[in-house]
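Visitor: Before we begin, I should like the terms used for this structure to be justified one by one.
Guide: Certainly; please look at the structure, and then put your questions.

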Amino acid sequence: MSHPQLPSTEATVVAIRETAAEYGRAARVTHDIGADRSARRTAAGAFTVTDPDGGLPHEAYVEIPGSPHVAVEVYRSGLTPWLSARAR
């Protein structure tokens, strides 16, 4: 099965929310926007919000409670969002 690449962290979060809603589940989302808030902090200099390339890092942590409990971390790796997911 082929899936299209999503262009941004926000597009990925929207897709996760829509998929959860199709199954009657609600997604809780926490956003970290800016190099001073995201895990990519080391990619930026001190007291800066953007990365050296001028980009504004946007990461999200999405939880879908219930059974199974699903947690997804979304962050950019290069030019595309990267997902790290786990279910329990």
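**Terms and their grounds**

Guide: The protein chain of this predicted model holds one helix and four strands. From the N terminus on, their order is α-β-β-β-β.

Visitor: What makes Val13, Ile16, Ala20, Ala27, Val29, Ala60, Val62, Ile64, Val72 and Val74 a nonpolar core?
Guide: A nonpolar core requires buried residues of types such as Ala, Val and Ile, joined through side-chain atoms within 4.5 Å. These 10 residues form the largest such set, and each therefore has under 20% relative accessible area. Helix 1 (9-22), strand 2 (58-64) and strand 3 (70-77) each give two or more residues to this core. In the whole chain of 88 residues, 26% count as buried.

Visitor: How do you know that alanine 60 is in contact with Val13 and Val74?
Guide: Contact means heavy atoms within 4.5 Å. Beyond its neighbours within four places in sequence, alanine 60 has contacts that include Val13 and Val74, together with Thr9, Val29, Thr30, His31, Val72 and Glu73; heavy atoms of alanine 60 therefore lie within 4.5 Å of heavy atoms in each of these residues.

Visitor: Why is the space of about 230 Å³ called a pocket and not a cavity?
Guide: In a cavity the probe cannot get out, whereas a pocket is an open set. The space of about 230 Å³ is listed as the largest pocket, so it is open.

Visitor: Why does the lining of the largest pocket count eight nonpolar residues, one polar and one charged?
Guide: The lining consists of Leu6, Ala15, Ile16, Thr19, Ala20, Tyr23, Arg25, Ile64, Val70 and Val72. Arg counts as charged and Thr falls among the polar types, while Leu, Ala, Ile, Tyr and Val count as nonpolar; the lining therefore has eight nonpolar, one polar and one charged residues. Helix 1 gives the largest share, four residues.

Technical notes: Residues are numbered from 1 along each chain as its sequence is written. This is a predicted model: local features need pLDDT of at least 70, side-chain atom pairs count only at pLDDT 80 or more; totals for chains, interfaces and linings use all residues. Side-chain values use heavy atoms; hydrogens and water are left out. Buried means under 20% relative accessible area, exposed over 50%, partly exposed in between (1.4 Å probe, protein chains only). On a 1 Å grid over the protein atoms alone, a cavity is a set of points where a 1.4 Å probe fits but cannot get out, and a pocket is an open set with protein on both sides within 12 Å along at least five of seven lines; lining residues have an atom within 4 Å of a point. Grid points are joined across faces, edges and corners, and a volume is the space filled by probe spheres set on the points.
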